[in-house]
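Let's take a friendly walk through a protein model together. Have a look at the picture, and then read on with the chain in view.

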Amino acid sequence: MTEDNPVIPPPRRDRPPLKVNVFEAMQHSNTQLMPLFPYLHPGAMVPAGAMIIGGPNADYGHFFHHNTQDEVVLALAANGAVLGTGQVFVGARIHGVNSFLKKEKDAKSFAIMVITQRQAESGPQREACSLRCEKCHEEIYLKEFDATPPPDALEGEHPFVSVAVLPELFADFNNDEARRVCTKCGHLNRPFPVASWGWDRYATQSATTIAGRQALKQATQTPIK
Ligand SMILES: [Zn+2]
């Protein structure tokens with residue numbers, strides 16, 4: 001490719017172009033921020049689906065996501081949400097994340113979104129999650145993680161870090177009551193509702209997928225007696 005003759009090279013054989021219908025994919029999604037395609041290598045654009053559903057038991061909480069890379073949010077369809085259907089915006093490098101619903105307990109409210117995250121072209125990629133006090137909004141928890149994409153990362157071997165590390169990240173907060181006490185106002189904050197986001201399911205299913213591939217590989221290498 002030259003400046004005078006810009007040509008996009010054809011896709012690599014191991015990364016064939018794929019097509020996904022987001023609505024169909026989200027019918028059987030297991031997590032918020034579910035990668036729609038398995039390509040997570042350096043420089044990859046990673047469109048990820050999210051489906052937020054309101055209801056009497058809905059409880060998503062509120063956290064902040066910090067990323068050294070840009071993210072673009074497209075609200076593909078929404079009802080009773082702070083985002084309108086078709087609305088698109090670029091998330092700030094530190095942005096609040098909640099249900100995006102005006103009335104979380106309203107069973108008719110929902111938001112189906114595509115959040116496209118960028119994987120760093122080269123060098124380290126840092127992400128972090130933080131929580132603020134429910135009462136006085138003081139930052140009470142901040143944990144960074146290394147989100148640098150491994151070379152040639154395919155999701156089946158390298159689960160999407162932005163999701164897979166979150167159960168553990170929030171467990172440190174949830175399992176330690178002392179950590180949940182606000183140093184400014186003394187309020188004891190409740191545990192963060194990780195299960196509402198499905199990150200634990202994604203992490204477990206990813207680990208099982210990897211174990212399954214290993215088991216199949218071993219089986220093919222074991223002679224039949
Ligand atoms: Zn406080």
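## Cysteines around a zinc ion

Start with Cys 136, which has a relative accessible area of 25% and therefore counts as partly exposed. In this predicted model, Cys 136 is one of the protein donors of the zinc ion, together with Cys 133, Cys 182 and Cys 185. Each of these cysteines offers its SG atom, and the donors lie 2.3 to 2.4 Å from the zinc ion. What is the geometry of the site? With 4 donor atoms and angles of 103 to 113 degrees among them, the site of the zinc ion is tetrahedral.

Are the other donors buried or exposed? Cys 133 has a relative accessibility of 1%, so Cys 133 counts as buried. Cys 185, at 33%, is partly exposed. Along the sequence, the donor residues follow the spacing C-x2-C-x45-C-x2-C. You may also wonder how many disulfides the structure holds. The count is 0.

## The chain as a whole

Now step back from the zinc ion. The chain has 4 helices and 9 strands. In what order do they come? Reading along the sequence gives the pattern α-β-β-β-β-β-β-β-β-β-α-α-α.

The chain has 225 residues, and 41% of them count as buried. If you draw a box along the principal axes, the C-alpha atoms fill roughly 60 × 60 × 35 Å.

## Charged partners

Side chains of opposite charge can pair when their charged atoms come close. How many salt bridges are there in this model? The count comes to 10 salt bridges. One of them joins Glu 121 and Arg 118, with the closest N and O atoms 2.7 Å apart. Glu 121 has a relative accessible area of 56%, so Glu 121 is exposed, while Arg 118, at 26%, is partly exposed.

Another salt bridge is formed by Lys 184 and Glu 138, where the closest N and O atoms are 4.0 Å apart. This pair links distant parts of the chain, as the two residues are 46 residues apart. Lys 184 lies in the loop between α3 (166–174) and α4 (199–221), and Glu 138 lies in the loop between β8 (126–132) and β9 (139–146). At 59% relative accessible area, Lys 184 is exposed, whereas Glu 138 is partly exposed at 30%.

## A small network

Some salt bridges share partners, and in this way Arg 12, Asp 14, Arg 15 and Asp 152 are joined into one network. Within it you can find the salt bridge of Asp 14 with Arg 12, where the closest N and O atoms are 2.8 Å apart.

Are these two partners buried, exposed or in between? Asp 14 has a relative accessible area of 43%, which means that Asp 14 is partly exposed. Arg 12 is partly exposed as well, with a relative accessibility of 39%.

## A nonpolar patch on the surface

Which residues form a nonpolar patch on the surface? They are Val 72, Val 88 and Val 90, and together they have about 250 Å² of accessible area.

Take a closer look at Val 90. It is found in strand β5, which covers residues 88–91. Val 90 has a relative accessibility of 57%, and because exposed means over 50%, Val 90 counts as exposed.

## Two positive phi angles

Two residues are worth finding for their backbone angles. Leu 33 has a phi near 65 degrees, a positive value in a residue other than glycine. Where is Leu 33? Look in the loop between α1 (22–27) and β1 (34–35). Leu 33 has a relative accessibility of 14%, and since buried means under 20%, Leu 33 counts as buried.

His 137 also has a positive phi, of about 70 degrees, although His 137 is not a glycine. You can find His 137 in the loop between β8 and β9. Is His 137 buried or exposed? With a relative accessible area of 53%, His 137 is exposed.

Conventions
Residues are numbered from 1 along each chain as its sequence is written. This is a predicted model: local features need pLDDT of at least 70, side-chain atom pairs count only at pLDDT 80 or more; totals for chains, interfaces and linings use all residues. Side-chain values use heavy atoms; hydrogens and water are left out. A disulfide is a pair of cysteine sulfur atoms within 2.5 Å. Buried means under 20% relative accessible area, exposed over 50%, partly exposed in between (1.4 Å probe, protein chains only). Patches are made of residues with over 30% relative accessible area and no salt bridge: like charges are joined within 9 Å, nonpolar side chains (Val, Leu, Ile, Met, Phe, Trp, Tyr) within 5 Å. Accessible areas come from the Shrake-Rupley method with a 1.4 Å probe; for residues, only the protein chains shown count as cover. A salt bridge is a side-chain nitrogen of Lys or Arg within 4 Å of a carboxyl oxygen of Asp or Glu. Donors are N, O and S atoms within 2.8 Å of the metal (3.2 Å for Na, K and Ca); water is not among the atoms, so sites may look incomplete. Four donors count as tetrahedral if all angles lie between 85 and 135 degrees; four count as square planar and six as octahedral if opposite donors are over 155 degrees apart and all others between 65 and 115; anything else is irregular.
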